[in-house]
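Work through the exercises below with the model open. Try each task before reading its solution.

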Amino acid sequence: MSDWVLHVDLDQFLAAVEVARRPELRGRPVIVGGTGDPAARAVVATASYEARAFGVDSGMPLRLAMKRCPDAVLLPVDGPVYQEVSDRVMARLREFPVVVEVLGWDEAFLGTDTGDPEALAARIRRGIAEETGLSCSVGIGDNKLRAKLATGFAKPAGIFRLTRQNWWDVMAARAPDALWGIGRKTAKKLIAAGYPTVLELAGADPEELAARFGPRMGPWYRLLAGGIGEAEVSATPYVARSHGRETTYPQDLTDPARITEEIDVLAARVAQDVAGEGRPAARVAVKVRFAPFFTQTHSMTLPEPSSDPAVLARAARELLGRFPSGRPVRLLGVRAEFPRPPDA
């Protein structure tokens, strides 16, 4: 167990990498998403701060983003380049006296027993800048939850400490969606249930929360509100719990035969991913998004774990049959889930 948890988050990562590749874009609004085609059905992966000033956010449809910021430079996602830069950042982090737990391309938790976490955070910021020219923000906490939230207060290009000592001063009056793990929809439900702030949610009756939001999630929301979370940082490589593939189509699909063909294609890709993992899948799920924007998911447990492409394809087809027919389809997805380890 480390004395401190640091959360390192690269600022506007994808956009920053693109600006580093194209210095002439510095200071201009940059949006990264999809294939770079504003007419395509894709979403914003990252927007530069200049684009965010126009209300452009990650996850926003590209069409809407370009309407809000028509002068933005729209660039396609370039995964291999981002991975290469990310690998350099993570390698640099491992040179410090920390345990590194990678969360994704642009963020990691660090465990350390340093006596001066702010000084270490400053050294880390300088090290990343020297290695890649990129800026990062660092959150300091006494557990992962607080460190992750602290980074939000540190952005951009800063350092912030959030611990049990200042938790209530910083968080008490904020809405529930200020917490890592509670989204806007859940926050609305919590507010409607009489918990408009983090402080009030922390003081809620766990049995009442369990009755309203489920025996697992309800009490967990209360723990989040108290700033309670895991403090152990592990360098153990991430093991995927599932592999999925999905496609958003430029034109809605209406032909049942075509929809089945697309499910077969996605199932085949997932089967390749499962084979590459070297573990059999235990469950299969199919997601369908109908036009204009209604999404359903069905899943099933396989009779026995399998890596056989034919087994996964049959399961995906069977699940497809559970969806209503005759509605235009905007998106299809297939996911294979691996058996959970005994201690998960």
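**Exercise 1.** Is leucine 223 buried, partly exposed or exposed, and why?

Step 1. Set the cut-offs: buried means under 20% relative accessible area, exposed over 50%, and partly exposed in between (1.4 Å probe, protein chains only).
Step 2. Leucine 223 has 38% relative accessibility, so leucine 223 counts as partly exposed.
Step 3. Place the residue: leucine 223 lies in helix α11, residues 217–225. Helices (H or I, at least four residues) and strands (E, at least two) are DSSP runs, numbered from the N terminus.
Step 4. Look for a patch. Trp220, Leu223 and Ile228 make a nonpolar surface patch of about 280 Å². Patches take residues with over 30% relative accessible area and no salt bridge; like charges are joined within 9 Å, nonpolar side chains (Val, Leu, Ile, Met, Phe, Trp, Tyr) within 5 Å. Accessible areas come from the Shrake-Rupley method with a 1.4 Å probe, and for residues only the protein chains shown count as cover.

A note on the basis: this is a predicted model, where local features need pLDDT of at least 70, side-chain atom pairs count only at pLDDT 80 or more, and totals for chains, interfaces and linings use all residues. Residues are numbered from 1 along each chain as its sequence is written, and side-chain values use heavy atoms, with hydrogens and water left out.

**Exercise 2.** Describe the cover and the partners of strand β7 (residues 136–141).

Step 1. Check burial: six of the six residues of β7 are buried.
Step 2. Split the faces. In a regular strand the side chains alternate between the two faces of the sheet. Cys136, Val138 and Ile140 lie on one side of β7, Ser137, Gly139 and Gly141 on the other, and all are buried.
Step 3. Find the antiparallel partner. Strand β1 (residues 4–10) is joined to β7 by six bridges. Aspartate 9 has serine 137 in β7 as its bridge partner. Two strands pair if DSSP finds at least two bridges between them.
Step 4. Find the parallel partner. Strand β8 (residues 159–162) pairs with β7 over four bridges. Glycine 141 has leucine 162 in β8 as its bridge partner.
Step 5. Trace the crossover. From β7 the chain passes through helix α6 (residues 144–154) to β8, and this β-α-β crossover is left-handed. Right-handed would mean that, with the strands pointing away from the viewer, the path from the first strand over the helix to the second runs clockwise.

**Exercise 3.** Which side chains meet aspartate 142 in salt bridges?

Step 1. Apply the criterion: a side-chain nitrogen of Lys or Arg within 4 Å of a carboxyl oxygen of Asp or Glu.
Step 2. Arginine 146 meets aspartate 142 at 3.1 Å, N to O.
Step 3. Arginine 164 meets aspartate 142 at 3.5 Å, N to O. This pair links distant parts of the chain: aspartate 142 sits in the loop between β7 and α6, arginine 164 in the loop between β8 and α7 (167–171), 22 residues apart.
Step 4. Compare the cover. Aspartate 142 counts as buried because its relative accessibility is 13%. Arginine 146 is buried at 7%. Arginine 164 is exposed at 53%.

**Exercise 4.** How far apart along helix α4 (residues 79–93) are glutamate 84 and arginine 88?

Step 1. They are four residues apart, so about one helical turn separates them.
Step 2. The two form a salt bridge, with the closest N and O atoms 3.9 Å apart.
Step 3. Both are partly exposed: glutamate 84 at 41%, arginine 88 at 29%.
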